[in-house]
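Hi everyone, thanks for coming. Today I'd like to walk you through one protein chain, step by step. Please have a look at the picture first.

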Amino acid sequence: MSLCRHPTPFEGAYVATAIPLLICDDSSMARKQLMRSLPANWPFRVSQADNGLDGLDAIRAGRGEIVLLDLTMPRLDGFGVLTRMREEGLQADVIVVSGDIQQEAIRRALALGARSFIRKPADPADLEAALLALGRPLPTDAAALLRSDMSLPAVGFRDAFREVANIAMGRAAELLARVLGVFIRLPVPNVNILEVGELHMALLDAQGSQQVSAICQGYIGSGIAGEALLIFHDSEIDDVARLLNHQASSSPLELQLDLAAIVIGACLNGLSEQLGMQLSSGHPLVLGQHCTIGELIRLNRGRWKRTLAVEISYSLEDHDIKFDLMLLFTEDSVPVLQKKIDFLIN
């Protein structure tokens, strides 16, 4: 749902000089961060949208002369918004603010009409530079008045941690895209606290009855512990080997271990940087090869208890290849993570 702060009667004299700015991002955490990062001397009238379809409606209604646009969103992603804006002839200055930092993602966004690209979390100096580059005149008399009553969205733990995971996921995808030479399609991560039975169901839903292999890597540090689980479809391993130009002497297991090190390492580094912590990783372990998820669960039933689970699916464009990554934090880690997230929110 789009939320627009309407000016008070006292602000009426300044409405003509206010700049309608739309923040289109599914994360309330991201929208709050962007509001806090806006330069104080710009007289914005801010609207919000939490998906691309509502964002388009806001632009059509004139609530987005300037748009801060995320790329990874439900219902319609940022690429879809830019495409439809072009098709409909909608005029707005779009600054993409995204955790998807693949070079191809940046190229596509700019080719579709975005004026600039900023990586998440947005640095206030970068945001101000991008706004100045739009070349708009800056009326200053209404700035403080229009900004003083701008309400920030409420942010809960699950939403905030999903945004942190989204940024970490994007950094891992950027590295994976360079290694494989392909564009990685990114989903909105799922973040849930799951009982062991619910975790098993989530794994079954992710993979169905196909034959899979799974690599697990433990991590610990700063009062946080858990396991990262990377699941491959057996039918896709040969295709990945061709993308990597993998040596014929290398086994499929070596290939999976190499990819696990890339994806898990980059994702954990992204989490560590944002949360201000150090995570040490153990050696990767093979949890199962050429088995169904049901068999994988049976073999490892004692490993997973109640857990904070982050589910991420990486799919390769123009290839029938998908990796499923799950970050499983222990129950004892949750209070520590909540404190770190609260610090980011507030």
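I'll begin with the whole chain, then go to helix packing, and finish with some individual residues.

One thing to keep in mind from the start: this is a predicted model. The chain has 346 residues, and 54% of them count as buried. If you trace the chain on your screen, you'll pass through 12 helices and 14 strands. Now, how do the contacts spread along the sequence? Taking contacts between residues at least 6 apart in sequence, 76% join residues at least 24 apart. As for the outside, the accessible surface comes to about 14,800 Å², and carbon and sulfur atoms account for 51% of that.

A quick word on cysteines. How many disulfides does the count give? Zero. Two cysteines to look for are Cys 24, buried with a relative accessible area of 1%, and Cys 267, which counts as buried at 1% relative accessibility.

Let's move on to the helices. When two helices pack, we describe them by the angle between their axes and the distance between the axes. Please find helix α9, residues 237-244, and helix α10, residues 252-275. Their axes are 10 Å apart, at an angle of about 70°. An angle from 65 to 115 degrees counts as roughly perpendicular, so α9 and α10 are roughly perpendicular to each other. Which residues make the contact? On the α9 side they are Ile 237, Val 240, Ala 241 and Leu 244, and on the α10 side Pro 252, Leu 255, Gln 256 and Leu 259. The crossing of α9 past α10 is left-handed.

Helix α10 has another partner to show you, which is helix α7, residues 157-180. Here the angle is about 140° and the axes are 8 Å apart. Is this pair oblique or roughly antiparallel? Roughly antiparallel needs an angle over 145 degrees, so α7 and α10 are oblique to each other. In this pair, α7 passes α10 in a right-handed crossing.

Now for the loops. Leu 134 sits in the loop between α5 and α6. Is Leu 134 buried or exposed? The cut-off for buried is under 20% relative accessible area, so Leu 134, at 10%, counts as buried. Setting aside residues up to four places away in sequence, Leu 134 touches Ile 66, Asp 93, Ile 95 and Arg 115. Look at Ile 95 in particular: Leu 134 and Ile 95 are 39 residues apart along the chain, and their C-alpha atoms are separated by 9.5 Å.

Compare that with Lys 305, in the loop between α11 and β13. Lys 305 is exposed, with a relative accessible area of 54%. Beyond its neighbours within four places in sequence, Lys 305 is in contact with Leu 194 and Val 196.

Last, some backbone details. Most residues other than glycine have a negative phi, and most peptide bonds are trans. Arg 75, however, has a positive phi of about 70°. You'll find Arg 75 in the loop between β4 and α3, and at 60% relative accessibility Arg 75 counts as exposed. Asp 318 also has a positive phi, near 65°. Asp 318 lies between β13 and β14, again in a loop, and is exposed at 74%. Finally, the peptide bond from Lys 120 to Pro 121 is cis, with omega near -15°. Pro 121 belongs to the loop between β6 and α5.

Thanks for listening, and I'm happy to take questions.

Methods:
Residues numbered from 1 in each chain as written. Predicted model: local features only at pLDDT ≥ 70, side-chain atom pairs only at ≥ 80, totals over all residues. Heavy atoms only, no water. Helix = DSSP H or I, 4+ residues; strand = E, 2+ residues; numbered from the N terminus. Buried < 20%, exposed > 50% of the residue type's maximum accessible area, 1.4 Å probe, protein only. Contact = heavy atoms within 4.5 Å. Areas by Shrake-Rupley, 256 points an atom, 1.4 Å probe, with all protein chains shown as cover. Disulfide = S-S within 2.5 Å. Axes fitted to C-alpha atoms, helices over the stretch in contact; angles between N-to-C directions. Parallel < 35°, antiparallel > 145°, perpendicular 65-115°, else oblique. Left-handed = near helix turned anticlockwise from the far one by under 90°.
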